[in-house]
Amino acid sequence: MPTQDELKLAVAEAAAALVEDGMVMGLGSGSTAMAAVSAIGRRVAQGLNIVGIPTSDKTAALARSLGIPISTLDEHGRIDLAIDGADEVERGTLSLIKGRGGALLEEKLVAAASRRFAVVVDQSKLVDRLCSGLQPIPVEVVPFGWKSTAQRLTALGAKWILRTAPDGRTFVTDGGHYILDCAFPPFDSAKLLQQLDGVIGVVEHGLFLGMATEVLVATAGPDGQVTVTRMLVTA
């Protein structure tokens, strides 16, 4: 059977095939999105002409190393196509949980500015209902008074953990913020989105509702054959 890395590579190649000459591209973060950036870089080396808007410092560094011209959202306020990964994708609605990579604020800004937002995942990321409690929702908060912000999240039912870096220190986003990974009991995702948007001290959160225009999914068949399918909103 194919490994998860092989599934990621297959869907990354499929996503790179969506890119057309002259596009302004949103370049996502996370392992699958980074694989897509690498695949796009190979096309750039063959003559593809694009401009990339990276969603993290790590993505920007990879794009530069591959010779992908990069710019900023300030210079290109409208993006033709953004490609990014997700931690959960709800079948039917294509609602997402994102942010395990820590770049959710930049990812949401780029997605919101994009005419087309294609999400790349393997089959393990598909769920029947978003926010089932299995995947925590990353919530980006300002460091000043973050414990008070955490108390307000607790009042919404969250059981939170302050994210730490591999060295044990508090994880800090590219924008200088902290992330609270919040587990909630089963809930209505649209209602929770409104509640999180109203919490003072919250910069952004990992609920991406109504933003994805399509999802590319890599699946492994019983014979080990990898298939990439395209999902559209059906609910």
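**A chat about helix H5 and its surroundings**

Guide: Let's start with helix H5, residues 146–155: its buried residues are Trp146, Thr149, Ala150 and Leu153. Keep in mind that this is a predicted model.

Visitor: Okay, how are those buried residues placed around the axis of H5?

Guide: They cover an arc of only 100° around the axis, so they sit on the same side of H5. In general, an α-helix has 3.6 residues a turn, so residues three or four places apart point the same way.

Visitor: And which exposed residues are on the face turned away from that side?

Guide: Lys147, Gln151 and Ala155 are the exposed ones there.

Visitor: What covers the buried residues of H5?

Guide: The cover includes strands S8 (137–141), S9 (159–162), S10 (178–183) and S11, along with helix H6.

Visitor: Anything to see after H5?

Guide: Gly157 follows H5, and its phi is positive, near 105°.

Visitor: Switching to Val199, where is that?

Guide: Val199 is in the loop between helix H6 (189–197) and strand S11 (202–205).

Visitor: Is it buried or exposed?

Guide: Val199 is buried, since its relative accessible area is 9%, and the cut-off for buried is under 20%.

Visitor: Which residues does Val199 touch, leaving aside its neighbours within four places in sequence?

Guide: Val199 is in contact with Thr149, Arg152, Leu153 and Leu156. Of these, Thr149 and Leu153 are among the buried residues of H5.

Visitor: New topic: what's up with the phi of Leu94?

Guide: Phi of Leu94 is positive, near 60°, and Leu94 is not a glycine. Most residues other than glycine have a negative phi. Leu94 lies in the loop between strand S4 (88–90) and strand S5 (96–97), and counts as buried because its relative accessibility is 0%.

Methods:
Residues are numbered from 1 along each chain as its sequence is written. This is a predicted model: local features need pLDDT of at least 70, side-chain atom pairs count only at pLDDT 80 or more; totals for chains, interfaces and linings use all residues. Side-chain values use heavy atoms; hydrogens and water are left out. Helices (H or I, at least four residues) and strands (E, at least two) are DSSP runs, numbered from the N terminus. Buried means under 20% relative accessible area, exposed over 50%, partly exposed in between (1.4 Å probe, protein chains only). Contact means heavy atoms within 4.5 Å. The arc is that of the directions from the helix axis to the C-beta atoms.
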